[in-house]
Structures are given as structure tokens and as C-alpha cells.
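Please find below my note on the structure you asked me to look over. The points are numbered so that you can reply to them one by one.

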Amino acid sequence: MKHESDSRRILPSANVREFFRESVDEALSRQRVRAEDHTVHYVVNLLTLFARAEELYEDRSGLRPLASMLGEAVEAPTETERDRAMQRLGDVALFVAGFFPDYFARRCVDVDYYIRMGGSAYSWLAERSRQSVQVRAFGQVFAELSEKFGQFVEVIGEVSEQGRSYTDADIMRLYELWLRTGSARASRRLRELGVEPTEGASSRLTH
């Protein structure tokens, strides 16, 4: 897991937001995902923000578990703080599931868990937008992110792959991701790396 090195790789870009905008647009086009401009803008801003490690990691202990974030939201003393905590949960789940697939190696949770938790957080915010003036402006964005959470994970995953070199362990994890989720992006990337994604391919990958 090399989160810090991945972040340093993208930060030198002259215009990080422009880089992400172009990359996200290209990934959406290749994967044939249709999204509203406001939603794309939100995702681009999310990637730009979390490109700075201090914005993603709340302290030196690393990423907080999503369950802890959910508990904080449930116990928040005000609705505004609850909304912010739920948005943080959705944002972190989306970014980590897409940008850091290696994060799930040797962990008791997988990318599906992050997709469920993140999608549910955005769905809750979309419902809240009917009651809260502060959330209302992003109501349609949260609704689309909830509905297409898995697709946006794939889009962000493609962005994260740009310029990446794959080790044998990386290829194995990519294959495991394809087995668990049926990811079209993972399937395409495996073929580009010379691996045909089939149910019986795992034995060949381990030798």
C-alpha cells in the first residue's frame, strides 16, 4: 500500500483540478457513464481535495473506519454536524474505493462494503435535501452519486491507473477485484496487462 507515493505522483501537476477534470471526462466517456455536470464537478473537486493527504487522513493513525464515521454522524449533536459527517463518510468511501483498491488487501472489509456504505450516505443526504436548505443545493448531486456509486468508483479507479506500473501482486489484486465485482474496468486492464480474466486464471497467476 503506497498511498503517500501515489499522492506525490499526482501533486506536481501544474493544475491538479484541470488534470482531474480531463481524466474524469475521459473515463466517463470510455465507460459510457452519463452524469450531470454538477455531479462531475463535485467528483473533480473531491479528487482535487483528497490529493492532499492531510485532507484525507484526519490524524496520523490513518483512515478512520467507516463504521466510526457513521457512529459520529448518528451521535452528532446538531443536524448540520450530522449532514457534514454523512457527507464525509460518502466522500471518503468513494475516493478510497476508487483510488486505493490496494487498501482492501488483508482487511476484513472489501470494496463492496465501501460501495454500500458510501452509497447509503449519499442516499441519506439526498433525502435530507428535501428538508434542509443547506443540503438542498446538492440534492441532485447526492442522488446521482448514490444511484451510480459503483460506476463512479470505476471512473475514479481508471483515473488512478494513469501512469501506474503494476507488480505481480498488483495484478493479482486486480484479478481478485474483477472476481468479486465483475468490474469492466478491471477486466479491460487485465487484458491490457496480458491476463485473460476467467474463473480458472487464478492458478496461473499464483505461479
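The points that follow go from the overall fold to single helices, charged pairs and the nonpolar core.

1. The model is a predicted one, and the remarks below should be read in that light. Its chain has 13 helices and zero strands, so that reading along the sequence gives the pattern α-α-α-α-α-α-α-α-α-α-α-α-α.

2. As to burial and surface, 46% of the 207 residues in the chain count as buried, while the exposed area of the chain is about 11,400 Å², of which carbon and sulfur atoms supply 48%. Among the contacts in the chain with a separation of 6 or more, 67% are between residues 24 or more positions apart.

3. Helix α10 (residues 149-160) deserves a paragraph of its own. Because 10 of its 12 residues are buried, α10 is largely enclosed by the rest of the structure; the buried residues include Phe 149, Phe 152, Val 153, Val 155, Ile 156 and Val 159, and Glu 154 and Glu 158 are also among them. The length of α10 agrees with expectation, because 12 residues at 1.5 Å a residue should span 16 Å and the end C-alpha atoms are 16 Å apart.

4. Which residue of α10 is joined by a salt bridge to Arg 30 of helix α2? The partner is Glu 158, and the N to O distance between the two side chains is 2.3 Å. The pair links distant parts of the chain, since Arg 30 belongs to α2 (residues 16-31) and Glu 158 to α10, 128 residues apart. The two ends of this pair have unlike surroundings: Arg 30 is partly exposed, with a relative accessible area of 48%, whereas Glu 158 counts as buried because its relative accessibility is 7%, and the cut-off for buried is under 20%.

5. Ser 29 also lies in α2, and it counts as exposed because its relative accessible area is 54%, the cut-off for exposed being over 50%. The C-alpha atom of Ser 29 is separated by 9.5 Å from that of Val 155, although the two residues are 126 residues apart along the chain; Val 155 is one of the buried residues of α10.

6. The count of salt bridges in the model comes to eight. One of them joins Asp 83 to Arg 128, with the closest N and O atoms 2.9 Å apart. Asp 83 lies in helix α6 (residues 79-99) and Arg 128 in helix α7 (residues 111-128), so this salt bridge ties together parts that are 45 residues apart in sequence. Both Asp 83 and Arg 128 are buried. Salt bridges with shared partners join Glu 79, Asp 83 and Arg 128 into one network.

7. Another salt bridge is formed by Lys 148 and Glu 144, whose closest N and O atoms are 2.9 Å apart, and here too both residues, Lys 148 and Glu 144, are buried.

8. The largest nonpolar core holds 57 residues, and those with the most contacts inside it are Leu 56, Leu 94 and Val 96. The largest share of this core, 10 residues, is supplied by α6. What is Leu 56 in contact with, leaving aside its neighbours within four places in sequence? The list consists of Phe 50, Leu 63, Arg 88, Val 92, Phe 95, Val 96 and Phe 100.

Key: Residues are numbered from 1 along each chain as its sequence is written. This is a predicted model: local features need pLDDT of at least 70, side-chain atom pairs count only at pLDDT 80 or more; totals for chains, interfaces and linings use all residues. Side-chain values use heavy atoms; hydrogens and water are left out. A salt bridge is a side-chain nitrogen of Lys or Arg within 4 Å of a carboxyl oxygen of Asp or Glu. Helices (H or I, at least four residues) and strands (E, at least two) are DSSP runs, numbered from the N terminus. Buried means under 20% relative accessible area, exposed over 50%, partly exposed in between (1.4 Å probe, protein chains only). Contact means heavy atoms within 4.5 Å. Accessible areas come from the Shrake-Rupley method with a 1.4 Å probe; for residues, only the protein chains shown count as cover. The expected span of a helix is 1.5 Å times one less than its number of residues. A nonpolar core is a set of buried Ala, Val, Leu, Ile, Met, Phe, Trp, Tyr and Cys residues joined through side-chain atoms within 4.5 Å.
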